[in-house]
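Here is a small set of exercises to work through with the model open beside you. Try each task before reading its solution.

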Amino acid sequence: MTVPFTQNQTAMNLPTLPDGWPIGSYDTYRDAQRAVDHLADSGFPVKGVTIVGVEPIVVERVDGRLTWGRVLSTGAASGAWLGLFVGLLLSLFTTGPGLLPILIGLVSGVAFGLASASFRYAATKGQRDFISHSQLVARRYDVLSQPRHAEAGRDLLASFAMTA
């Protein structure tokens with residue numbers, strides 16, 4: 001079934017720009033959430049409210065140094081879990097004692113984990129000797145409301161800012 005081009009874009013899950021008027025601006029997402037929660041608690045019609053992150057940036061936070069010891073230990077642990085899982089599955093289909101398939105799976109998993117972690121780390125050739133995680137954050141978060149409720153929303157958030 002084809003959908004006509006004129007149909008509402010949100011019905012097709014296509015990205016759309018937010019609409020509404022700004023009623024508050026906050027430095028953190030948590031503060032914007034608290035503002036919307038205050039609106040909801042005050043009986044404000046929050047169905048049309050949107051939190052918009054303005055000027056998004058990617059932040060990479062370094063968690064620590066990556067060494068061969070850390071690489072091998074995490075590879076062995078990851079492989080052990082996979083091997084234990086496979087061994088447990090194999091033990092379900094074994095007629096004799098199920099300990100041997102579990103041990104074989106565990107040892108094989110550790111060996112596979114060590115080998116795969118070693119190859120991946122060696123392939124980087126020391127270009128990335130740290131562990132990090134990335135986040136998408138914004139410089140500020142604006143709270144938007146439908147125009148017919150914007151003035152009431154601004155008044156509620158102004159009174160909330162005075163009490164906070």
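The exercises below go from the sheet to the helices and then to single residues in this predicted model.

**Exercise 1. The sheet**

Work out the order of the strands in the open sheet, and find which strands stand at the edges.

*Solution.* Start with the order: the open sheet has 3 strands, arranged 1-3-2 with antiparallel pairing. Next, look for strands with a single partner. Strand 1 (21-26) and strand 2 (50-65) each have one partner strand and stand at the edges, so one side of each lacks a neighbour in the sheet. From one strand to the next, the twist averages 30°.

**Exercise 2. Bridges to strand 3**

How many bridges join strand 1 to strand 3, and how many join strand 2 to strand 3? Then find some residues that face each other.

*Solution.* Take strand 1 to begin with: it runs antiparallel to strand 3 (residues 130-145) and is joined to it by 5 bridges. Trp 21 sits opposite Ser 145 of strand 3, and Tyr 26 is opposite Tyr 141 of that strand. Now move to strand 2, which is also antiparallel to strand 3, with 14 bridges between them. One position to check is Val 59, whose bridge partner in strand 3 is Gln 135.

**Exercise 3. Helix 1 and helix 4**

Describe how helix 1 and helix 4 pack, and list the residues that meet.

*Solution.* Two numbers come first, as packed helices are described by the angle between their axes and the distance between the axes. For helix 1 (residues 29-41) and helix 4, the angle is about 115° and the axes are 10 Å apart. Helix 1 and helix 4 are therefore roughly perpendicular to each other. Their crossing is right-handed.

Then turn to the contact. Helix 1 contributes Arg 34, Ala 35, His 38 and Leu 39, which meet Gly 153, Leu 156, Leu 157, Ser 159 and Phe 160 of helix 4. Sorted by character, the residues of this contact are 5 nonpolar, 3 polar and 1 charged.

Finally, place helix 4 against the sheet: helix 4 (residues 150-163) lies across strand 1 and strand 3, at about 20° to strand 1.

**Exercise 4. Helix 2 and helix 3**

At what angle do the axes of helix 2 and helix 3 cross, and within what distance do they come?

*Solution.* The axes of helix 2 (residues 68-92) and helix 3 (residues 99-124) cross at roughly 145° and come within 6 Å. The handedness of this crossing is right-handed. As for the residues in the contact, 16 are nonpolar, 9 are polar and none is charged.

**Exercise 5. An aromatic pair**

Which parts of the chain does the pair of Tyr 29 and Tyr 141 tie together?

*Solution.* A search of the whole structure gives 2 aromatic pairs. In one of them, Tyr 29 and Tyr 141 are edge-to-face, 5.5 Å centre to centre with 70° between the planes. Tyr 29 belongs to helix 1 and Tyr 141 to strand 3, so the pair links parts 112 residues apart in sequence.

**Exercise 6. A loop glycine**

Where is Gly 48, and which residues does Gly 48 touch beyond four places away in sequence?

*Solution.* Gly 48 is in the loop between helix 1 and strand 2. Setting aside residues up to four places away in sequence, Gly 48 touches Leu 144, Ser 145 and Gln 146. As a further check, Gly 48 and Asp 142 are 94 residues apart in sequence, and their C-alpha atoms are 14 Å apart in space.

How values were computed
Residues numbered from 1 in each chain as written. Predicted model: local features only at pLDDT ≥ 70, side-chain atom pairs only at ≥ 80, totals over all residues. Heavy atoms only, no water. Pairing = 2+ DSSP bridges. Helix = DSSP H or I, 4+ residues; strand = E, 2+ residues; numbered from the N terminus. Axes fitted to C-alpha atoms, helices over the stretch in contact; angles between N-to-C directions. Contact = heavy atoms within 4.5 Å. Parallel < 35°, antiparallel > 145°, perpendicular 65-115°, else oblique. Left-handed = near helix turned anticlockwise from the far one by under 90°. Nonpolar A, V, L, I, M, F, W, Y, C, P; charged D, E, K, R; others polar. Phe/Tyr/Trp six-rings, centres within 6.5 Å; stacked < 30°, edge-to-face > 60°.
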